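Open the model in your viewer and keep the sequence panel beside it. The tour goes from one selection to the next and says what is there.

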Amino acid sequence: MESYRKILLATDFNEHSDQAGARAMDLAQRHQAELSVLHVVENLPIGDAAYGPIVPFDIDLTDQMMDAARVRLKELGERLGVPESRQFVEIGSPKGEIIRLAEDLGADLIVVGSHGRHGIALLLGSTAASVVHHARCDVLAVRLREP
Ligand code: AMP
């Protein structure tokens, strides 16, 4: 089996996501692969009763969320040994951005958690399932367990 060369870890900072981080770091070390980390700030449409969801996002709020995400990603990067040049904060839909960045980076493995903040009940149709469907590379969905 060929080694993985570029691994992308997608994190939503959920309380159990360290388990996925630990697996990604372990795999990166074993394969001597480059590990990148990504958090996507979700661009949730703000509904407007009269006009529908035409206001895509509040710019100030989004900036604040991106800054906060950068701080958390930096902490995660320090724990996992990922330099700032491979820490990515993107805006949009998590599944779309995970797939896009994986392709841009030429990642050959994407690591996600089996479920996220939305809970295990929503696994079907979740980010993990969608990434598995659309990725052009391998995807590892790390089963997140209650600590
Ligand atoms: P979920 O779709 O919420 O069940 O999340 C499943 C997994 O997808 C999480 O454990 C993360 O690895 C990834 N994920 C979900 N949301 C995001 C996000 N906003 N940014 C990066 N990764 C995410």
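Which residue caps the N-terminal end of H4? Select Ser126 together with Ala128: a side-chain oxygen of Ser126 lies 3.3 Å from the backbone nitrogen of Ala128, and Ser126 is the cap. Bear in mind throughout that this is a predicted model.

**Helix H4**

Now select residues 127-134, which make up helix H4. Colour Ala128, Ser130 and Val131, the buried residues of this helix. Around the axis they cover an arc of only 165 degrees, so they sit on the same side of H4. To see what covers them, add helix H3 (94-105), S4 and S5, which are among the covering elements.

**The whole chain**

Zoom out and show the protein chain as a cartoon. There are 4 helices and 5 strands to find. Following the sequence, you meet them in the pattern β-α-β-α-β-α-β-α-β. Of the 147 residues, 40% are buried. Switch on a surface: the chain exposes about 9000 Å², and carbon and sulfur atoms supply 52% of that area.

**The sheet**

Hide the surface and select the strands. In what order do the 5 strands stand in the sheet? The order is S3-S2-S1-S4-S5, in an open sheet with parallel pairing. Go to the edges, where you find strand S3 (87-92) and strand S5 (138-142). Each has a single partner strand, so one side of each is left without a neighbour in the sheet. Turn the view to look for the twist: on average, neighbouring strands are turned by 25 degrees against each other, direction ignored.

**The S5 edge**

Select strand S4 (residues 109-113) with S5. These two pair in the parallel sense over 5 bridges. One place to look is Gly113, whose bridge partner in S5 is Val142.

**The S3 edge**

Move to the other edge and select S2 with S3. Their parallel pairing runs over 6 bridges. Here, pick His39 and find its bridge partner in S3, Val89. Is S3 mostly covered or mostly open? It is mostly covered, with 5 of its 6 residues buried.

**Helix H2**

Last, select residues 59-80, helix H2. This helix lies across strand S1 (6-10), strand S2 (34-42) and S3. Compare its direction with that of S3: H2 runs at about 150 degrees to S3.

Conventions
Residues are numbered from 1 along each chain as its sequence is written. This is a predicted model: local features need pLDDT of at least 70, side-chain atom pairs count only at pLDDT 80 or more; totals for chains, interfaces and linings use all residues. Side-chain values use heavy atoms; hydrogens and water are left out. Two strands pair if DSSP finds at least two bridges between them. Axes are lines fitted to C-alpha atoms, for helices over the stretch in contact, and angles run from 0 to 180 degrees between N-to-C directions. Contact means heavy atoms within 4.5 Å. Buried means under 20% relative accessible area, exposed over 50%, partly exposed in between (1.4 Å probe, protein chains only). Accessible areas come from the Shrake-Rupley method with a 1.4 Å probe; for residues, only the protein chains shown count as cover. The arc is that of the directions from the helix axis to the C-beta atoms. A polar contact is a pair of N or O atoms within 3.5 Å; within protein, one must be able to donate a hydrogen and the other to accept it, and residues adjacent in sequence count only if both atoms are side-chain atoms.
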